[in-house]
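Trainee: I'm new to this one and would like a close look at a single part, the smaller details included. Could you take me through chain B and then show me how the rest is put together around it?

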Amino acid sequence: MAASALVGAGGFGNWARLAAQQSLTQDQLLQFDTFGNVSLIHVTDIHAQLKPIYFREPEVNIGVGGNKGEVPHVTGADFRKLYGIDDGSPSAYALTYNDFSSLAKGYGKVGGMDRVATVVNAIRADRPDAILLDGGDTWHGSMTCFKTEGQDMVNVMNALKPDAMTFHWEFTLGSERVQELVEGLPFAALGQNIFDAEWDEPAELFKPYQFFERGGVKIAVIGQAFPYMPIANPRWMFPEYSFGIRDEHMQEMVDEVRAQGAELVVCLSHNGFDVDKKMASVVTGIDVILTGHTHDALPEPVLVGETILIASGSNGKFVSRVDLDVRDGRMMGFRHKLIPIFSDVIAPDPDMAALIDEQRVPFKAELEEVIGQTDDLLYRRGNFNGSWDDLICDALISEREADIAMSPGVRWGPSLLPGDPITREDIWNVTSMSYGEAYRSEMTGEFIKVILEDVADNIFNPDPYYQQGGDMVRIGGMGYRIDITKPQGERISDMTLLKTGEAIDPAKSYVVAGWASVNEGTEGPQIWDVVESHIRKMGTVTVAPNTSVEVVGA
Amino acid sequence: MEFTRRETLAVGGAAALVAMLPKGAYAATTEEWIAEFTGGAEMADAGLDLTAPEIAENGNTVPIEVSADGASEILVLATGNPTPGVAKFTFGPLAAAQYASTRIRLAGTQDVVAIAKLADGSFARASKTVKVTIGGCGG
């Protein structure tokens, strides 16, 4: 940081130090000495979580290449040491995984868009012309969002009054619905990398950037949608669009807005953190990148050259406030705070609370029905497995009579604590999507290895531009060894069928059940119905520790 | 002003001539294609821009662009295809820009290589890895 002309401060210590007191107040969480002349408010990857939830951060999040050991690939005690966080403190609970169940009982749930509204309103009280930016993955991830095709989230977000938004999972609503919703938005829908697939020209529906005049500063916000939508999600649902990182075009846009007088250039990105880090080193002239997609929450900005990167978490758990001092057409300094939304501490905004409940009324009975109970912590985040996915894989093997199960390595989905009831809403929160059919098919051992190698390279390719974000496909019924330092084709070995202990035979066919296939015409029951049926039979769920993946080279 | 189809083609013809390369009868490998094009001359790293996606959205139709100021010819090779030769763009003296874009088919993850013959007769080379993946697990 010393090498930079920028002067920055994090407001993180303000709430970290409250640990000893074991008490938090809304004023403490919101405390911020207004700085400079521009304020940015960043929310991202909400995944349709309107109500407070639990959300456990990952234990395993391995960085590769130049990002080995760099944030956000630092977890647990190492993370706390890096940022000076005390064990058992509110920050430890919000940002790391250890002792999650017991800390969660003490500190309570996080998130809730009514609490987010309180925070946004408080920042606006300090700085009425603050810019609110939504990094996308907003119109996906819950039963109400699925059943209203994103309308519940649009209604709630419109009330929060963002200034601009970019996109990822929104496209899985299908391009027709996306067009309908985007055309009705009272704010800018941005994506400099959203192109028309046929003509390879910028798509008309999405503008590359939007200008704002705030605090006497001319600000350009450039949107960057998720680059790998047609690869990571089903291309057939939005065949009109093409994406990609397109950093040359990003540079053109930065140059264009600077030529038009932009004094501050903000990129609202859904690239994923490591991709943004690389892009910041390739594209010159971006002052702030508001990152998204990889769900990282960092209490301090990361500096790449003269660009600051902000990581604001997921599922409504955090709001970032970034105050900037912009003078003579230059960003001179910043002050930043990652505000954790402790939902028992921050009072819900009554208007927003009422609006949220209004969205849920038609589905209330369905949402609240208790299907079972869990004796173990259910969570998703982690490079190789999470207990929610272990449970989903168990459900697939049992309900679909399969040898092996595959569950996609997505990073959304809240956690449940030991002793919690499992409602239908909880099941949908970790499974809901527009292509949730649970397939059952035969695959050779060789093909299963090809899949694992392919997905592993999307996560562990040393060049971030070849990473799609997300985690390793979760495997049930089969163990394997992975050496993440090897190239594609050589990472996976020792594939073993757990029920017999035998090595997987490349030539033999196995019955594989999975969900979230990107292939058109996939048939099968919806995954949430499969999981519900399984949990109903179990009554009380237990998940044994998963030791079936041996990781080498981390 | 209206162009007839014939006139339009003539205008386009001044800009670039593209030859889809036949299956190489005498140049089978990437190295042989390059050797034949350059005559074994050295190739510079600068002077030629090759734009291609990092990860192909559809391996059957991958958009690529090449441009090299003052080039008379640009050769494009897909090094991992059974037949590496993709296209050779020839620019006449009246061409306003030495730029071409096309879509190519890639058999799998591989390096796409472009080589330009520049105005002074020297050669420039650019290469980019394009991943062709089965996809599926987005965050």
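**A walk through chain B and its partner**

Mentor: Let's start with the make-up of chain B: 2 helices and 9 strands. Keep in mind as we go that this is a predicted model. Reading chain B from the N terminus, you meet the elements in the order α-β-α-β-β-β-β-β-β-β-β. Chain B has 139 residues, and 35% of them count as buried. Now look at contacts in chain B between residues with a separation of 6 or more: 68% of these join residues that are 24 or more positions apart.

Next, the place where the two chains touch. On the chain B side, 14 residues are in contact with 29 residues of chain A. Sorted by class, that side of chain B has 5 nonpolar, 6 polar and 3 charged residues.

Now over to chain A. The domain assignment splits chain A into domain 1, residues 7-358, and domain 2, residues 369-552. Their C-alpha centres lie 28 Å apart. Where these domains meet, domain 1 of chain A puts in 44 residues and domain 2 of chain A puts in 32. On the domain 1 side, α5 (100-107), α7 (143-147), α10 (229-232) and α12 (273-282) of chain A each supply at least two residues. By class, that side of domain 1 of chain A has 20 nonpolar, 17 polar and 7 charged residues.

Here's a helix to zoom in on: α17 of chain A, residues 445-460. This helix has 16 residues and spans 22 Å from its first C-alpha to its last, close to the 22 Å expected at 1.5 Å a residue. Which residues of α17(A) are buried? They are A:I448, A:L452, A:D454, A:V455, A:A456, A:D457, A:N458, A:I459 and A:F460. As for what covers these buried residues of α17(A), strands of chain A are part of it, including β18 (404-407), β20 (438-444), β22 (478-483), β23 (492-497) and β25 (509-515).

One last stop, a single residue. You'll find A:A122 in helix α6 of chain A, residues 113-126. A:A122 has 19 other C-beta atoms within 10 Å, so this residue comes out as partly exposed; to count as buried, a residue needs 20 or more. Although A:A122 and A:L30 are 92 residues apart along the chain, their C-alpha atoms are separated by 7.6 Å.

Methods
Residues are numbered from 1 along each chain as its sequence is written. Chains are lettered from A and ligands numbered from 1 in the order in which they are written. This is a predicted model: local features need pLDDT of at least 70, side-chain atom pairs count only at pLDDT 80 or more; totals for chains, interfaces and linings use all residues. Helices (H or I, at least four residues) and strands (E, at least two) are DSSP runs, numbered from the N terminus. A residue is buried if 20 or more other C-beta atoms lie within 10 Å of its own, exposed if 12 or fewer, and partly exposed in between; C-beta atoms are placed from the backbone. Two residues are in contact if their C-beta atoms, placed from the backbone, lie within 7 Å. The expected span of a helix is 1.5 Å times one less than its number of residues. Ala, Val, Leu, Ile, Met, Phe, Trp, Tyr, Cys and Pro count as nonpolar, Asp, Glu, Lys and Arg as charged, and the others, Gly among them, as polar. Domain bounds come from an automatic or database domain assignment.
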